[in-house]
Amino acid sequence: MVDHTRINIGTQADLVARLIDDALGGRGGTTFTLNLDHLVKLERDLAFRVAYDRATYVTADGEPVVRMARAQGARIVRVTGADLVRPLCAAAAEAGVALHFFGSSMAILEAAATALTKEFPGLNIAAMESPPFGFAPFGSDSRASAERIAASGAKICLVALGAPKQETFANFATQWAPGVNFVCIGAALDFIGGGQKRAPQFMQESGLEWLWRLVNNPKRLTKRYALSALYLARYHVRRGFRWVVQGGKSQTKPADRT
């Protein structure tokens, strides 16, 4: 648990294997990648919190969350939506599991689909849908989208709407597409389709990807990262206070695993 939020997947390979196994077994669900921005939003967004509480799989996305979890004894590594897409597509192509792309723009979806089907021969992208501007993550339009996703024959849907909309939609959509795994991936398809440029590899590996994103989009991200930094400071203050109250003895245990 990281601040009352469960993390139950420790590695990317484990997640990919479980998603493919669930898809082949007709089991649906949701997959979220927890980062500091999500933790901030979880404090004030009830629908987001409900979605997280019901999530099938939750990974640690972002070095701060990995360190927070490891401090409690969890044996995990960073698993991001951006890094997940290619391994998942490779496994889906090999297993014959059809995918659905939902979110972003149709131009990005088509460009990403072209790149991925070229990279992974045999990959079946059953359908793609870019919802209109102002799309609500629940309600009649979302139900219709979920029903179209189910009807496409896809067993895994990559949802690229950004948080908290993508997680809220994924949680809602499972009611109308119970056999589909909704995997929330943020900007991953934009990176693959050329809509955004991802940070260089050395920045990803050193935990500085946030800085690359901030420099390239300061207007949108400055407030988000400031709130994330404030949250992290408050978290460590609370954790330090609990440690003192407990007499310096750790009361934590490794993260849950399903």
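In the predicted model, Asp3 is buried, because its relative accessibility of 19% falls under the 20% limit. This residue is located in the segment before helix H1 (12-24), and it has a positive phi of about 50° although it is not a glycine. His4, which lies in that segment before H1 as well, also has a positive phi, of about 75°, without being a glycine. In contrast to the buried Asp3, His4 is exposed, with a relative accessible area of 63%.

Asp3 also takes part in a salt bridge with Arg238, in which the closest N and O atoms are 2.5 Å apart. Arg238 belongs to helix H12 (residues 218-245), whereas Asp3 precedes H1, so the pair ties together parts that are 235 residues apart in sequence. Arg238 is partly exposed, at a relative accessible area of 27%.

In total, 13 salt bridges are found in the structure. Helix H12 contributes to another of these through Arg234, whose side chain meets that of Glu43 at 3.2 Å, N to O. Glu43 lies in the loop between H2 and H3, and the pair therefore ties together parts that are 191 residues apart in sequence. Both residues are partly exposed, with relative accessibilities of 33% for Arg234 and 45% for Glu43. A salt bridge within one helix is formed by Asp37 and Lys41 (2.6 Å, N to O); these residues are four apart in helix H2 (residues 36-42), about one turn of the helix. Asp37 is buried at 10% relative accessibility, and Lys41 is buried at 14%. In addition, a network of salt bridges links Asp21, Asp22 and Arg27.

The strands are arranged as follows. An open sheet is formed by six strands with parallel pairing, in the order S2-S1-S6-S5-S3-S4. At its edges are strand S2 (57-60) and strand S4 (125-129), each of which pairs on one side only. From one strand to the next, the twist averages 15°. Strands of a sheet pair through backbone hydrogen bonds, in either a parallel or an antiparallel manner. Strand S1 (residues 29-34) and strand S6 (residues 181-184) run parallel and are joined by three bridges; Thr31 has Val183 as its bridge partner in S6. Helix H1 packs on the sheet, where it touches S1, S2, S5 and S6, and its direction makes about 165° with that of S2.

The largest nonpolar core comprises 35 residues, and those with the most contacts inside it are Ile7, Leu34, Leu39, Phe169 and Phe182. A second, separate core contains 34 residues, among them Leu88, Ile108, Leu123 and Ile185. Beyond its neighbours up to four places away in sequence, Leu34 touches residues that include Ile7, Leu39, Val58 and Val65. Val65 is also one of the buried residues of helix H4 (residues 63-70), together with Val66, Met68 and Ala69. Seen down the axis of H4, the buried residues fall within an arc of 165°, so they line one face of the helix.

Two further local features concern Arg54 and Pro164. Arg54 is part of helix H3 (residues 46-54) and, apart from neighbours within four places in sequence, is in contact with Thr30, Asn171 and Thr174. The C-alpha atoms of Arg54 and Cys184 are 14 Å apart, while the two residues are separated by 130 residues in sequence. Pro164 is joined to Ala163 by a cis peptide bond, with omega about 5°, and is found in the loop between strand S5 (156-160) and helix H8 (165-173).

Methods
Residues numbered from 1 in each chain as written. Predicted model: local features only at pLDDT ≥ 70, side-chain atom pairs only at ≥ 80, totals over all residues. Heavy atoms only, no water. Helix = DSSP H or I, 4+ residues; strand = E, 2+ residues; numbered from the N terminus. Buried < 20%, exposed > 50% of the residue type's maximum accessible area, 1.4 Å probe, protein only. Pairing = 2+ DSSP bridges. Axes fitted to C-alpha atoms, helices over the stretch in contact; angles between N-to-C directions. Contact = heavy atoms within 4.5 Å. Core = buried A, V, L, I, M, F, W, Y, C linked by side-chain atoms within 4.5 Å. Arc of directions from axis to C-beta. Salt bridge = Lys/Arg side-chain N within 4 Å of Asp/Glu carboxyl O.
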